[in-house]
Amino acid sequence: MWRNYEEGAVSEPDNPMRPLLGKLVGVKDLAHEIKLFQVEVNGNGFAYEPGQFAFLSAFGQGEAPFGLASTLARTAALEFAINRVGTVTATLHTLEPGAIVGVRGPMGNRFPLDGMKGKDLVVLGGGIGGAPLRPVIHSVLDNRDEFGRLT
């Protein structure tokens, strides 16, 4: 049985196919039709690494995968840069802080940052493809002494 956001986590929190409930705590315009969404997941920890992604649910419309654009070292909120391109993203773009969304994840592989320590790095991405690279850049900047030059 589901509980509401204020009561905490949903049942079966170890079931990766069942979304957790998250509260939208911030929305920022980044560019034309691109917004940064900040989501807090109540009750359960949400450990993830740079390069992983999660599904966000716009209840009544569906869900879609989005790269995590934040790091745990910088914010407790999950951050997603979302380009308005379809039904789910259009619905997400109408939401305001306080709205409840589903969060399912983390999923996917992480960037192998441990193997990059001591090396010079070039990070290259364009458009919305830069969003999943943001946590890589933040991780390198937050641990500057562990990496070579960053371009």
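What follows is a conversation between two colleagues about the fold, the sheet and the packing of this chain.

Colleague: Before we look at the details, what kind of model is this, and from which number are the residues counted along each chain?

Modeller: This is a predicted model, in which local features need pLDDT of at least 70 and side-chain atom pairs count only at pLDDT 80 or more, while totals for chains, interfaces and linings use all residues. Side-chain values use heavy atoms, with hydrogens and water left out, and residues are numbered along each chain, as its sequence is written, from 1.

Colleague: In what sequence do the elements of the chain run from the N terminus on?

Modeller: Helices (H or I, at least four residues) and strands (E, at least two) are taken as DSSP runs and numbered from the N terminus. On that basis the chain has 2 helices and 6 strands, and their order from the N terminus is β-β-β-β-β-α-β-α.

Colleague: What is the order of the strands in the open sheet?

Modeller: Two strands count as paired if DSSP finds at least two bridges between them. Strand S1 (residues 20-31) and strand S6 (residues 100-107) pair in the antiparallel sense over 4 bridges, while 8 bridges join S1 to strand S2 (residues 34-41), again antiparallel. With antiparallel pairing, the 6 strands of the open sheet have the order S4-S3-S6-S1-S2-S5.

Colleague: Which strands are the edge strands of the sheet?

Modeller: In the order S4-S3-S6-S1-S2-S5, an edge strand is one that pairs on one side only, and this applies to S4 and to strand S5 (78-83). The twist from one strand to the next averages 40°, with axes being lines fitted to C-alpha atoms (for helices over the stretch in contact) and angles running from 0 to 180 degrees between N-to-C directions. The edge strands are thus named as S4 and S5.

Colleague: Which residue in the turn between S1 and S2 has a positive phi?

Modeller: Along the paired strands, Leu24 stands opposite Val39 in S2 and Gly22 stands opposite Val41. S1 and S2 form a hairpin with 2 residues between them, and the residue in its turn with a positive phi, of about 65°, is Glu33.

Colleague: And which residue takes a positive phi in the hairpin of S3 and S4?

Modeller: Strand S3 (residues 53-58) and strand S4 (residues 62-67) run antiparallel and are joined by 6 bridges, with Pro65 in S4 as the bridge partner of Phe55. The hairpin has 3 residues between the strands, and the residue that takes a positive phi, near 90°, is Gly60.

Colleague: Why can the buried residues of H1 be placed on the same side of the helix?

Modeller: Buried means under 20% relative accessible area, exposed over 50% and partly exposed in between (1.4 Å probe, protein chains only), and in H1 the residues Val88, Thr89, Leu92 and His93 are buried. They lie on the same side because they cover an arc (that of the directions from the helix axis to the C-beta atoms) of only 135° around the axis. On the other side of H1, the exposed residues are Thr87 and Thr94.

Colleague: Against which strands do the buried residues of H1 pack?

Modeller: Contact here means heavy atoms within 4.5 Å. Leaving aside neighbours within four places in sequence, Leu92 is in contact with Phe37, Leu56, Ser57, Ala58, Phe66, Ile82 and Val101. As a group, the buried residues of H1 pack against S2, S3, S4, S5 and S6.

Colleague: Which members of the largest nonpolar core touch the most other members?

Modeller: A nonpolar core is a set of buried Ala, Val, Leu, Ile, Met, Phe, Trp, Tyr and Cys residues joined through side-chain atoms within 4.5 Å. Of the 21 residues in the largest one, those touching the most other members are Phe46, Leu56, Leu78, Phe80, Leu92 and Val103.

Colleague: Is Ala131 buried or exposed?

Modeller: Ala131 is found in the loop between S6 and helix H2 (134-142), and, not counting residues up to four places away in sequence, Ala131 touches Leu68, Ala69 and Ala81. Ala131 and Ala81 are 50 residues apart in sequence, yet their C-alpha atoms are 6.0 Å apart in space. Because its relative accessibility is 13%, Ala131 counts as buried.
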